Amino acid sequence: MIADNIQRIETKINDRAKLIAVTKTKPVPLLQEAYDAGCRRFGENKVQEMVEKQPLLPADVEWHLIGHLQTNKVKYIAPFVALIQSVDSLKLLQEINKQALKHERVIDCLLQIHIAQEETKFGLSADEVESLLNDAQLDALANVRIIGLMGLATNTDDEGQVRQEFRGLKALYDRLATIRRPNVVFSELSMGMSGDFDIAVEEGSTMVRVGSAIFGAR
Ligand SMILES: *Cc1c(COP(=O)(O)O)cnc(C)c1O
């Protein structure tokens with residue numbers, strides 16, 4: 001069933017974006033099932049859960065952190081995380097840099113942008129992301145690489161609104177992608193979840209984060 005779901009979603013994506021299987025709250029045997037069906041990119045929103053699951057899956061899994069990250073927890077994922085999708089401050093980037101250096105790694109990051117109407121969602125505004133990307137202090141962070149943006153659309157049945165939000169994020173991405181700095185190299189725009197990944201891909205997503213459409217409701 002998981003294999004069928006993945007197959008159906010991959011067919012819809014049709015090589016236009018990477019599929020991140022969102023595995024939060026799901027037990028390891030289900031992750032293994034997704035792995036056996038070909039999934040190599042898993043997204044978790046909690047550090048503790050990712051750290052527990054990571055050693056139990058094959059080493060070629062790419063682990064993506066998609067939830068809010070506290071600076072004091074960066075050290076736990078720094079040895080292995082493939083992409084931190086939820087970066088929302090310079091302070092956090094500085095800590096990721098420090099921990100990445102300890103492991104002699106460069107850690108790829110996305111800046112999380114607030115695009116939804118909801119008040120509760122994390123993320124930077126367009127102004128905030130622009131000033132962060134132009135902050136001279138970024139140049140000192142040789143062990144992080146900012147490779148793009150991540151955003152969550154409003155949770156609504158109004159497809160027009162969702163499309164509008166994704167389109168706005170793509171426009172921001174295109175504008176910021178012209179910024180030239182040593183550790184800012186835009187290549188990824190992470191947008192789209194189970195309910196809206198098809199719209200997101202149409203609007204230029206390169207990475208969709210899909211949980212319940214693969215594993216069932218949480
Ligand atoms: C849970 C989660 C998803 C996946 O949500 P589904 O609706 O289950 O596909 C995607 N992105 C983030 C940031 C999440 O927390």
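The shell of residues around the ligand in this predicted model divides into four nonpolar, three polar and three charged members. Its nonpolar part, with valine, isoleucine and methionine counted as nonpolar, is made up of Val22, Ile66, Met193 and Val210, while Ser194, Gly211 and Ser212 belong to the polar class, in which glycine is included. The charged residues of the shell are Lys24, Arg209 and Arg218, and each of these side chains places an N or O atom at a short listed distance from a ligand atom, as the table sets out.

| Side chain (N or O atom) | Ligand atom | Distance |
|---|---|---|
| Lys24 | oxygen | 2.7 Å |
| Arg209 | nitrogen | 2.9 Å |
| Arg218 | oxygen | 2.8 Å |

Taken alone, the ligand exposes 380 Å², and the protein buries 89% of that area. The space that the ligand takes up is the largest pocket of the model.

Turning to the cysteines, the count of disulfides comes to zero, under a rule that asks for a pair of cysteine sulfur atoms within 2.5 Å. Cysteine 39 has a relative accessible area of 5% and is therefore buried, since the cut-off for that class is under 20%. Cysteine 109, for which the relative accessibility is 0%, counts as buried by that cut-off too.

Notes: Residues are numbered from 1 along each chain as its sequence is written. This is a predicted model: local features need pLDDT of at least 70, side-chain atom pairs count only at pLDDT 80 or more; totals for chains, interfaces and linings use all residues. Side-chain values use heavy atoms; hydrogens and water are left out. Buried means under 20% relative accessible area, exposed over 50%, partly exposed in between (1.4 Å probe, protein chains only). A residue is near a molecule or strand if one of its heavy atoms lies within 4 Å of it. A polar contact is a pair of N or O atoms within 3.5 Å; within protein, one must be able to donate a hydrogen and the other to accept it, and residues adjacent in sequence count only if both atoms are side-chain atoms. Accessible areas come from the Shrake-Rupley method with a 1.4 Å probe; for residues, only the protein chains shown count as cover. On a 1 Å grid over the protein atoms alone, a cavity is a set of points where a 1.4 Å probe fits but cannot get out, and a pocket is an open set with protein on both sides within 12 Å along at least five of seven lines; lining residues have an atom within 4 Å of a point. A molecule sits in a cavity or pocket if more than half of its atoms lie within 2 Å of its grid points.
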